[in-house]
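Here's a quick tour of one structure, written for someone who'd rather be at the bench. Have a look at the model before reading on.

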Amino acid sequence: MSELRDLYQEVILDHYKRPRNQRRPAGANRDAQGHNPLCGDRVTISIELDGDRIKDVGFSGSGCAISTASTSMMTEAIKGKTVKEVEALFARFHHLVTSSDDPGPDVEALDKLAVFQGVREFPVRVKCATLAWHTLRAALEAKPDLISTE
Ligand code: ZN
């Protein structure tokens, strides 16, 4: 288990140090800003929505290792997916980081995102891990207001 934990930390650190998709896509047509006052994480998610499919996605902002890595990995996970698929993925991810149930099949379905399973042991960090997802949802719903986890 500790080997697995080390691997998880490695993946998170890698995305923190070298975030993927840290840019605004040229064709972006939806943006939303998110803020997690508990930790100070701030993120702006920009997506290019083509019909009901996320054609491209990028982000900017600054935050802790968990929030930055979660945002980076989310952008990789959702690119090319439909809004419906993304909602299903968020539901699984949310369950993984908040529930104490055995994650079972969720871990497989989440692929790399399963590295955030350890977050459930640190309730304060759950908001860091889910900030990007809440902000993404706001971008999809085109809510103009600042999204706060509080
Ligand atoms: Zn944070």
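What follows covers a metal site and then a pair of packed helices.

Keep in mind that this is a predicted model. Let's start with the metal. The zinc ion is held by Cys39, Cys64 and Cys128 through their SG atoms and by Asp41 through OD, which is listed twice, with distances of 2.2 to 2.6 Å. Read along the chain, the donors are spaced as C-x1-D-x22-C-x63-C. Asp41 sits in strand β2 (residues 41–50), while Cys64 is in the loop between β3 (53–62) and α2 (65–78), so this pair ties together parts that lie 23 residues apart in sequence.

Are these two ligands buried or exposed? Buried means under 20% relative accessible area, and here is how they come out:

| Residue | Relative accessibility | Class |
|---|---|---|
| Asp41 | 1% | buried |
| Cys64 | 16% | buried |

Now for the helices. Two packed helices are described by the angle between their axes and the distance between those axes. Helix α3 (residues 83–98) packs with helix α5 (residues 123–141) at an angle of about 160°, and their axes are 11 Å apart. That makes the two, α3 and α5, roughly antiparallel. The crossing of α3 past α5 is left-handed.

Which residues of α3 and α5 meet? On the α3 side they include Val86, Leu89, Phe90 and Phe93, and on the α5 side Val126, Ala129, Trp133 and Leu136 are among them. Sorted by class, the contact of α3 with α5 has 11 nonpolar, four polar and two charged residues.

Conventions
Residues are numbered from 1 along each chain as its sequence is written. This is a predicted model: local features need pLDDT of at least 70, side-chain atom pairs count only at pLDDT 80 or more; totals for chains, interfaces and linings use all residues. Side-chain values use heavy atoms; hydrogens and water are left out. Donors are N, O and S atoms within 2.8 Å of the metal (3.2 Å for Na, K and Ca); water is not among the atoms, so sites may look incomplete. Helices (H or I, at least four residues) and strands (E, at least two) are DSSP runs, numbered from the N terminus. Buried means under 20% relative accessible area, exposed over 50%, partly exposed in between (1.4 Å probe, protein chains only). Axes are lines fitted to C-alpha atoms, for helices over the stretch in contact, and angles run from 0 to 180 degrees between N-to-C directions. Angles under 35 degrees count as roughly parallel, over 145 as roughly antiparallel, 65 to 115 as roughly perpendicular and the rest as oblique. A crossing is left-handed if the near helix is turned anticlockwise from the far one by less than a right angle, and right-handed if clockwise. Contact means heavy atoms within 4.5 Å. Ala, Val, Leu, Ile, Met, Phe, Trp, Tyr, Cys and Pro count as nonpolar, Asp, Glu, Lys and Arg as charged, and the others, Gly among them, as polar.
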